[in-house]
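Reader: I would like a close look at one part of this protein: its aromatic rings and how they pair. Please keep it brisk, and set the rings in the context of the whole chain.

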Amino acid sequence: MQQLVNITLTGISSGAIYAAFALALVLIWRSTRIVNFAQAPMAMVTVYVALVIIDAGYSYWIGFFAALACGFLLGAVTERVVIRPVEGKPDINAVIVTLGLFIVIHAIAAIVFGTRYRSFPAPFGLRGFQIGDFNIALTGFGVFTIVSVLIVMVLMAALFRFTDVGLKMRAAAFSPEVARLLGVKVNRMLTLGWALAALAGTLSGILIAGGSLVYPAFMDSVVVFGFVAAVIGGLESPLGAVVGGLLLGLGLSFVSGYVGSELVPLASLVILLVVLLARPGGLFSRTATRKV
């Protein structure tokens, strides 16, 4: 019984991390219609910024908010300098640029920060809670991760559903020409979308790094699982990203706990295929109707 509870709680904690990264992918997709494959190395750089500040003797929270600010700025600069020259071109151009950016950022980070493993602190405990004779595999930092992801999901849903800025961002992404005619500053909205997505990506990087070791490639595996989570939920839905992340985390945790950790990558592929066969657009996709 204790093993079942611990595997479930481990899956929820892992799923929250996948959901955090999936939310960043959903945000940039909804605001720019681009899948940013460089999201992970961009977040990795901001995690190193936080680590440098913390190692300099400042508190965890100063490093935390400094990383978020750097992530926001990095996203805006990336859109302005790297992505904007290919805007309006075929969509594959932007995808190729983000893949190239993935490689370039990795190389620069290895040169600047080095490739050795470095420990990243956590603001809350990393030991499971003790309930009677049971040691529950849910840590204080795990609770912080879950709460952070839920807050980001609510804020993102509110942004796109209840604010003028969110409506303008979606209009700029779906139909930039019409949006310009209606007075929307399309370039500003695209820059804001990249900045906010990088901000969410930074948060996911900090949550992944908390209490573990970081190095330039520490987020690479999360790219795969986060992307799978986003696709499972549907790239349009913040709630879907969270549900997809939790489902994926639970599924992989049970596979790892009862079958074998070596089958985890295969299990993620099987889960993705099953969902796409049942719901090609994801669990929370909406069928668009066309009126003639």
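Author: What follows starts with the ring pairs, then turns to one helix and the whole chain.

The model is predicted. It holds 16 aromatic pairs. Take F37 and F227 to begin. Their ring centres are 6.1 Å apart and their planes meet at 40°. Planes under 30 degrees apart would count as stacked and over 60 as edge-to-face, so this pair is tilted. Where do F37 and F227 lie? F37 is in the loop between α1 (2-32) and α2 (39-55). F227 belongs to helix α9, residues 220-233. The pair therefore ties together parts that are 190 residues apart in sequence. Are the two rings' residues buried or exposed? F37 is partly exposed, at a relative accessible area of 27%. F227 is partly exposed too, at 29%.

Now W61 and F65. This aromatic pair is also tilted, with 6.5 Å from centre to centre. The angle between the planes is 40°. The setting is helix α3, residues 60-83. W61 and F65 are four residues apart there, which means about one helical turn separates them. W61 has 34% relative accessibility and counts as partly exposed. F65 reaches 53%. The cut-off for exposed is over 50%, so F65 counts as exposed.

W61 and F65 also belong to a cluster linked by ring pairs. Its other members are Y60, F64, F120, F124, F141 and F144.

One ring has a charge for company. The charged end of R30 sits over the ring of F160. The distance to the ring centre is 4.6 Å.

Next, a helix. α8 covers residues 186-209, 24 in number. From first C-alpha to last, α8 reaches 34 Å. That is close to the 34 Å expected at 1.5 Å a residue. Helix α8 is mostly covered, with 20 of its 24 residues buried. G211 follows α8 and has a positive phi, near 75°.

Finally, the whole chain. It has 11 helices and four strands. A compact globule of 292 residues would have a radius of gyration near 19 Å, and the chain agrees, with 19 Å. The C-alpha trace spans about 65 × 50 × 35 Å along its principal axes. Of the 292 residues, 47% are buried. Among contacts with a separation of 6 or more, 75% join residues 24 or more positions apart. The chain exposes about 14500 Å², with 70% supplied by carbon and sulfur atoms.

Terms used. Residues are numbered from 1 along each chain as its sequence is written. This is a predicted model: local features need pLDDT of at least 70, side-chain atom pairs count only at pLDDT 80 or more; totals for chains, interfaces and linings use all residues. Side-chain values use heavy atoms; hydrogens and water are left out. Rings of Phe, Tyr and Trp (its six-membered ring) pair if their centres lie within 6.5 Å; planes under 30 degrees apart count as stacked, over 60 as edge-to-face and the rest as tilted. Helices (H or I, at least four residues) and strands (E, at least two) are DSSP runs, numbered from the N terminus. Buried means under 20% relative accessible area, exposed over 50%, partly exposed in between (1.4 Å probe, protein chains only). A charge sits over a ring if NZ of Lys or CZ of Arg is within 6 Å of the ring centre and within 35 degrees of the ring normal. The expected span of a helix is 1.5 Å times one less than its number of residues. The radius of gyration is taken over C-alpha atoms; the globule rule is 2.2 Å times the number of residues to the power 0.38. Contact means heavy atoms within 4.5 Å. Accessible areas come from the Shrake-Rupley method with a 1.4 Å probe; for residues, only the protein chains shown count as cover.
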